[in-house]
Structure formats: structure tokens, C-alpha cells
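Welcome! Please take a moment to look over the sequence and the 3D view before reading on.

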Amino acid sequence: MYRFRSEIGCRVMRIVCKDVTAETLYDVLHDTSYRRKWDTNMIDTYDIGRLTANADVGYYSWKCPSPLKNRDFVTMRSWLPLGNDFLIINYSVKHPQHPPKKDYVRAVSLLTGYLIQSNGANCSTLYYLTQVDPKGSLPKWVVNRVSQFVAPKAMRKIYKASQKYPDWKRKHNPLLKPWTFPEQNSLPCIDASELTRQRADSLENIDESGLSEEKHSGDEET
């Protein structure tokens with residue numbers, strides 16, 4: 001099951017994963033190699049560098065419903081095991097070597113987080129909160145589509161991907177988990193002084209409010 005609540009600029013969701021451990025959910029949300037298998041909205045993602053044993057900076061771009069421009073993010077992410085539970089949070093930063101790209105609208109994650117709670121040996125609950133400024137004046141149909149289709153579907157995708165992850169991981173570097181074993185992390189170190197908080201008002205505001213809705217196959221359930 002999942003629950004969805006929408007506020008101005010903020011979305012909160014929950015899904016109960018009856019046959020997935022909290023550790024597996026945690027691994028799926030970290031594993032960028034596996035994300036390419038299940039995240040069909042993603043265009044590209046990569047790690048830029050690490051700050052500490054449990055914090056890094058990364059890039060993510062995603063497809064927007066036509067005819068909107070695609071969005072991308074540069075975020076600082078941190079994570080923390082909490083006994084049998086796990087927490088992952090991120091927010092947007094500016095990195096001098098990764099400025100906004102010509103063909104994308106640089107969106108801003110004000111705060112995005114996952115809380116994974118263990119509900120026993122083979123059950124867990126995933127909570128997802130996101131407050132994002134997509135930059136630009138978006139049509140009402142876009143907001144409605146995200147609320148009714150995109151966000152709930154994304155949670156179901158994470159759940160389904162987590163069910164398949166153990167078999168996939170056994171065949172793809174099963175011992176490689178740098179988010180759990182920091183000694184495996186080969187990313188270059190980043191000096192925190194290179195980063196600044198990305199403010200939404202410092203980016204170009206794109207007016208897409210007049211765009212009409214086109215059929216978008218990504219809304220269909222799979």
C-alpha cells in the first residue's frame with residue numbers, strides 16, 4: 001500500500017514493502033548501477049565526489065512530460081544507519097565544475113529524504129519526503145500528473161526493483177557496497193569549501209505555464 005499527501009512544494013509518501021528487508025531498500029536507493037535498470041525516468045546519473053565516509057555529491061537528470069524541458073540536479077547526499085533503520089537525505093548544491101547545462105533546466109532540491117524502517121525479518125516501510133523547486137511556472141496539468149501518476153508510480157517502481165535486487169546483485173559485484181563499506185569508495189575527495197547551497201532564486205526561471213498537455217506514455221502503468 002502507499003499513501004500520498006501533497007502540499008505546496010512538498011510531497012510525502014509511504015509504501016509498505018511486505019517482502020523486502022530494510023537493508024535491501026537501502027542498497028537499491030544507493031546503487032547507481034542498478035538504478036539504470038529500473039528508473040525509466042532517469043536520463044543520467046553519476047557520482048561527482050565524496051565529502052566524508054557517509055556524504056557525497058552527485059548528478060541526476062530526469063525526463064519531464066512532453067513538451068516540458070528536462071530537469072537536472074546537483075545534490076549533496078548523506079546517509080546514516082539507525083540500528084535496523086536507515087536515513088538518506090539530500091539537498092542541492094553548486095559545484096564549480098558542474099554548472100547548469102544548456103539543454104536542461106537546473107531544478108533545486110530544497111530537501112529530499114528517505115526513511116527506511118524495518119518491520120521484521122522480511123518487511124519494511126519506506127517513507128519519502130521531497131520539497132523541490134522545478135524552476136519555472138508549470139501548468140496545472142503537470143502538477144496534477146505528478147500527484148496522480150508520477151510520484152506514486154515511482155514508489156511502486158522502487159518496491160518492484162527491491163524485490164529483484166538480491167538476484168541481480170549476486171551477479172554484479174556482490175561484495176561492492178561503498179555506502180556500507182567506505183573503504184571501497186574510490187571517488188575523489190571534494191573540499192567542502194568548493195560547494196555552496198544552491199538557491200532557487202539564483203537560477204533562470206523558465207515560463208512553461210502556457211504549454212498544452214501531450215500524450216505521454218510514461219503515465220501508463222507497467
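The notes below cover confidence, strands, salt bridges and a surface patch.

## How confident is the model?

What you see here is a predicted model. The mean pLDDT of the protein chain is 85, and 80% of the residues reach at least 70. Residues 1-8 have a pLDDT below 50, and this stretch makes 21 contacts in the model beyond near neighbours in sequence. Another stretch to view with this in mind is residues 216-222, where pLDDT stays under 50. For residues 216-222 the model has 15 contacts beyond four places in sequence.

## Strand β5 and its partners

A good place to start exploring is strand β5, which covers residues 71-82. Strand β4 (residues 55-62) pairs with β5 through eight bridges, and the two run antiparallel. To find this pairing in the view, look for Trp62, whose bridge partner in β5 is Arg71.

Strand β6, made of residues 85-94, also pairs with β5 in the antiparallel sense, again over eight bridges. One bridge to look for joins Trp79 to Ile88 in β6. Together β5 and β6 form a hairpin, with two residues between the strands. Gly83 sits in the turn and has a positive phi of about 70 degrees.

How does β5 run relative to strand β7, parallel or antiparallel? The two strands are parallel, and two bridges join them. Strand β7 consists of residues 105-106, and its Arg106 is the bridge partner of Asp72.

## Salt bridges across the chain

Side chains of opposite charge can pair when their charged atoms come close. How many salt bridges does the model have? The count comes to seven, and three of them are described here, beginning with Lys177 and Asp27.

The side chains of Lys177 and Asp27 meet with 2.8 Å from N to O. This pair links distant parts of the chain, as the two residues are 150 residues apart. Lys177 lies in the loop between α3 (140-170) and β10 (196-197), while Asp27 belongs to helix α1 (residues 22-30). Both Lys177 and Asp27 are buried.

Arg77 and Asp56 form another salt bridge, at 2.7 Å from N to O. This one brings us back to the paired strands: Arg77 is in β5 and Asp56 is in β4, 21 residues apart in the chain. Are these side chains buried or exposed? Arg77 counts as buried because its relative accessible area is 16%, under the 20% cut-off. Asp56 is buried too, with a relative accessible area of 4%.

## A salt bridge within one helix

Asp167 and Arg170 also form a salt bridge, and their closest N and O atoms are 2.1 Å apart. Both residues lie in helix α3, three residues apart, which is about one turn of the helix.

Asp167 has 44% relative accessibility, so it counts as partly exposed. Arg170, at 56%, counts as exposed, since the cut-off for that class is over 50%.

## A nonpolar patch on the surface

Which residues make the nonpolar surface patch of about 280 Å²? They are Ile89, Leu110, Leu111 and Leu129. Ile89 is found in strand β6, the strand that forms the hairpin with β5. With a relative accessibility of 32%, Ile89 counts as partly exposed.

Technical notes. Residues numbered from 1 in each chain as written. Heavy atoms only, no water. Patch = residues over 30% accessible without salt bridge, like charges linked within 9 Å, V, L, I, M, F, W, Y side chains within 5 Å. Areas by Shrake-Rupley, 256 points an atom, 1.4 Å probe, with all protein chains shown as cover. Salt bridge = Lys/Arg side-chain N within 4 Å of Asp/Glu carboxyl O. Helix = DSSP H or I, 4+ residues; strand = E, 2+ residues; numbered from the N terminus. Buried < 20%, exposed > 50% of the residue type's maximum accessible area, 1.4 Å probe, protein only. pLDDT = per-residue confidence, 0-100. Contact = heavy atoms within 4.5 Å. Pairing = 2+ DSSP bridges.
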